[in-house]
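Me: I have a structure on my bench screen and would like to talk it through with you. Could we go one question at a time?

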Amino acid sequence: MTKRTLQHLDQKQIPYNYVDIDRDRKAASWVASQNNGKEKKPTLDIGGTVLAEPSNNKLDEVLRDKGFEV
């Protein structure tokens, strides 16, 4: 799912900061804290709105709400 999400963001030319939670334990802890203790991938924070494993449609909806052109 992460690869699909990254490809979608790249296709839409949406800038992002990718963090590999397999290498960054602090980031992994944050992801787990957002998902009831589970490391759901991807987990995104878009201007304070956290999405876990979103569909492309849901991702686009939140991006539009945050002012991005998608």
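Me: Let's start with Lys58. What is its relative accessible area, and is Lys58 buried or exposed, or somewhere between?

Reply: Happy to start there. This is a predicted model, in which local features need pLDDT of at least 70, side-chain atom pairs count only at pLDDT 80 or more, and totals for chains, interfaces and linings use all residues. Residues are numbered from 1 along each chain as its sequence is written, and side-chain values use heavy atoms, with hydrogens and water left out. Buried means under 20% relative accessible area, exposed over 50%, and partly exposed in between (1.4 Å probe, protein chains only), so Lys58 is partly exposed, at 35%.

Me: Which residue does Lys58 pair with in a salt bridge?

Reply: A salt bridge here is a side-chain nitrogen of Lys or Arg within 4 Å of a carboxyl oxygen of Asp or Glu. Lys58 has a partner 3 residues away in helix H3, about one helical turn along. That partner is partly exposed, at 37% relative accessibility. With closest N and O atoms 3.3 Å apart, the partner is Glu61.

Me: Which residues of helix H3 are buried?

Reply: Helices (H or I, at least four residues) and strands (E, at least two) are DSSP runs, numbered from the N terminus. H3 covers residues 56-65. Its buried residues are Leu59, Asp60, Val62 and Leu63.

Me: Why do those buried residues line one face of H3, and within what arc do they fall?

Reply: An α-helix has 3.6 residues a turn, so residues three or four places apart point the same way. The arc is taken from the directions from the helix axis to the C-beta atoms. Seen down the axis of H3, the buried residues line one face because they fall within an arc of 165°.

Me: Which exposed residues sit on the face of H3 turned away from the buried side, and what covers the buried residues?

Reply: The face turned away from the buried side carries the exposed residues Asn57 and Asp65. For the cover, contact means heavy atoms within 4.5 Å. What covers the buried residues includes helix H1 (2-11), strand S1 (43-46) and strand S2 (49-52).

Me: Which residue with a positive phi follows H3?

Reply: The helix is followed by a residue whose phi is near 95°. That residue is Gly67.

Me: Now the other charged pairs. How many salt bridges does the structure hold, and how far apart are N and O in the one between Asp20 and Arg23?

Reply: Side chains of opposite charge can pair when their charged atoms come close. The structure holds 4 salt bridges. Asp20 is partly exposed at 24% relative accessibility, whereas Arg23 is exposed at 75%. In their salt bridge, the N to O distance is 3.5 Å.

Me: Which residue forms a salt bridge with Arg25?

Reply: Arg25 is exposed, at 51% relative accessibility, and its closest N to O distance in the salt bridge with Glu39 is 3.0 Å. The pair links distant parts of the chain, 14 residues apart, with Arg25 in helix H2 (residues 25-34) and its partner in the loop between H2 and S1. That partner is partly exposed, at 35% relative accessibility. The residue is Glu39.

Me: Which backbone oxygen does the side chain of Arg25 reach?

Reply: A polar contact is a pair of N or O atoms within 3.5 Å; within protein, one must be able to donate a hydrogen and the other to accept it, and residues adjacent in sequence count only if both atoms are side-chain atoms. The side chain of Arg25 reaches this oxygen at 3.2 Å. The oxygen belongs to Ile21.

Me: Is Thr43 buried or exposed, and which side chain makes a polar contact with its own?

Reply: Thr43 is found in strand S1 and counts as buried, at 16% relative accessibility. A polar atom of its side chain lies 2.7 Å from the backbone oxygen of Lys40. At 3.0 Å, the side chain that makes a polar contact with that of Thr43 is Asn35.

Me: Which peptide bond is cis?

Reply: Look at the loop between H2 and S1, where Pro42 is found. With omega near -5°, the cis bond is the one from Lys41 to Pro42.
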